[in-house]
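Me: Can you walk me through this protein at a first-year level? I'll ask, you explain.

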Amino acid sequence: TGPTANVRRVLLKLSGEAFGGGAVGVDTTVVRRVAGEIELAARHGVQVAIVVGGGNFFRGAQLSQAGIDRSRGDYMGMLGTVMNCLALQDFLEQEGQATRVQTAITMGQVAEPYIPQKAIRHLEKGRVVIFGAGAGMPYFSTDTVSIQRALEIHCAEVLMGKNGVDGVYTADPRKDEQARMFTQLSYKRALVDNLAVMDASALSMARDNNMRIRVFGLEAPGNVTKALEGEDMGTLVCG
Ligand code: UDP
């Protein structure tokens, strides 16, 4: 079931790149800051579910270029996301924020299995829920999982926190000074123009099910809290 009236439930997607700070492994300074910002929004009553990427460890597509079987590489990628989940969980708990990790690949000593009804109960009790191990299936991405989880647990929108950009632009703002940021964008335009929102399977799932996506910049201090609390920022992808 969806949240009761006036309760905001959202899904925050954090890419592995954000966790790694541009390198392999976990940049604890970044994760600690992001955790603090999430805790603040949760304290203000926002129900926060999170999907964590794993690109700071492994990407199956890259491993397969280096000669590793694609599916096995994808499983390595999924396991990487779980390490990010645990790092984020730790900093959230240090802030006094109760947190549960649920993984799509069962690993009982480390996390709960993904059980959507239970995830909803956690959110209702004020716990932050972090989803790890993607969909548990090779050839999927954590972007697609973000849309799927948001739909299944009835989130109002998916918030895509990005590194290096603060929204979706007409061209890469780091290369083209004419590039302009969209404040709003249709699914169709994002798909047809191949704009940097998320991968096409994720975007088409959002379009087919009308899940709103807000793309925003992670780096500016306070931005994560603002996005979670519903501030109009970055680029809204809808209709
Ligand atoms: N992955 C997968 N299935 C999933 C989610 C992720 O196989 O449902 C693998 C895939 O190899 C992917 C890697 O895990 O490259 C890390 O996830 P992703 O690239 O989505 O992370 P991000 O780009 O957000 O850091």
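Here are some short questions and replies about this model.

Reply: Heads-up first: this is a predicted model, where local features need pLDDT of at least 70, side-chain atom pairs count only at pLDDT 80 or more, and totals for chains, interfaces and linings use all residues. Residues are numbered from 1 along each chain as its sequence is written.

Me: Which helix gives the largest share of the shell around the ligand?

Reply: The shell has 23 residues, with Gly53, Gly55, Gly60, Gly77 and Gly134 the closest. Being in it takes a C-beta atom, placed from the backbone, within 6 Å of the ligand. Helices here are DSSP runs (H or I, at least four residues), numbered from the N terminus. The largest share, 5 residues, comes from helix 4.

Me: And which helix gives the largest share of the largest nonpolar core?

Reply: A nonpolar core is a set of buried Ala, Val, Leu, Ile, Met, Phe, Trp, Tyr and Cys residues joined through C-beta atoms within 7 Å. This one has 67 residues, and Ile38 is among those touching the most other members. With 8 residues, the largest share comes from helix 4.

Me: Is lysine 226 buried, exposed or partly exposed?

Reply: Lysine 226 sits in helix 9 (residues 223-229). Buried takes 20 or more other C-beta atoms within 10 Å of a residue's own, exposed 12 or fewer, and partly exposed lies in between, with C-beta atoms placed from the backbone. Lysine 226 has 17 such atoms within 10 Å, so it's partly exposed.

How values were computed: Helix = DSSP H or I, 4+ residues; strand = E, 2+ residues; numbered from the N terminus.
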